[in-house]
Amino acid sequence: AFALLRESNYPLAIKQFQAFLIAYPESNYAPNAQYWIGEAYYVQRSFRQAIEAFSVVVRRWPDSNKVTDALLKQGFSYYEVGD
């Protein structure tokens, strides 16, 4: 999924990260996968979807090292939608 993200194939990367989360919901990499879903939405300028994806990181994995990054990008997304 990350390789697809680096290739700018964002829709397929999102699907692959989502599939990973379904298959491995308790993985140590699950917060990262959810974060990258948010990033993929963000770079596509789908800011409302990015906000929701980032908020899942914060709600579901509050102790993850991705929380601060998710909050920052969530703030950028809110800015982009004028909220």
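Colleague: How far apart are the end C-alpha atoms of helix 4?
Modeller: Helices (H or I, at least four residues) and strands (E, at least two) are DSSP runs, numbered from the N terminus. The expected span of a helix is 1.5 Å times one less than its number of residues, so the 14 residues of helix 4 should cover 20 Å. The end C-alpha atoms agree with that, at a distance of 20 Å.

Colleague: At what pLDDT do side-chain atom pairs count in this predicted model?
Modeller: Residues are numbered from 1 along each chain as its sequence is written, and side-chain values use heavy atoms, with hydrogens and water left out. The model is predicted: totals for chains, interfaces and linings use all residues, local features need pLDDT of at least 70, and side-chain atom pairs count only at pLDDT 80 or more.

Colleague: Which elements cover the buried residues of helix 4?
Modeller: Buried means under 20% relative accessible area, exposed over 50% and partly exposed in between, with a 1.4 Å probe and protein chains only. In helix 4 the buried residues are F47, A50, I51, A53, F54, S55, V56 and V57. Their cover, counted by contact (heavy atoms within 4.5 Å), includes helix 3 and helix 5 (67–80).

Colleague: The structure holds five aromatic pairs; what is the geometry of Y35 and F54?
Modeller: Rings of Phe, Tyr and Trp (its six-membered ring) pair if their centres lie within 6.5 Å; planes under 30 degrees apart count as stacked, over 60 as edge-to-face and the rest as tilted. The centres of Y35 and F54 are 5.5 Å apart and the planes stand at 45°, so this pair is tilted.

Colleague: Which helices does that pair link?
Modeller: Y35 and F54 are 19 residues apart, and the pair links distant parts of the chain. Y35 is buried at 7% relative accessibility, and F54 is buried at 0%. Y35 lies in helix 3 (residues 30–43) and F54 in helix 4 (residues 47–60).

Colleague: Is the pair of Y42 and F47 stacked or edge-to-face?
Modeller: Y42 is buried with a relative accessible area of 17%, and F47 is buried with 8%. Their ring centres are 5.3 Å apart, and the 70° between the planes makes the pair edge-to-face.

Colleague: Which residue has its charged end over the ring of Y35?
Modeller: Y35 belongs to one aromatic cluster with F2, W36 and F54. A charge sits over a ring if NZ of Lys or CZ of Arg is within 6 Å of the ring centre and within 35 degrees of the ring normal. K73 lies over the face of Y42, at 4.3 Å from the ring centre. Over Y35, at 4.5 Å from its centre, sits the charged end of K66.

Colleague: What is phi of R45, and where does this residue lie?
Modeller: Most residues other than glycine have a negative phi. S8, in the loop between helix 1 (2–6) and helix 2 (10–23), has a positive phi of about 70° and is partly exposed at 45%. R45 is exposed, with a relative accessible area of 57%. R45 lies in the loop between helix 3 and helix 4, with phi near 65°.

Colleague: What is the radius of gyration of the protein?
Modeller: The protein has five helices and zero strands. The globule rule, 2.2 Å times the number of residues to the power 0.38, gives 12 Å for 83 residues, and the protein is close to it, so it is as compact as a globular protein of that length. Taken over C-alpha atoms, the radius of gyration is 12 Å.
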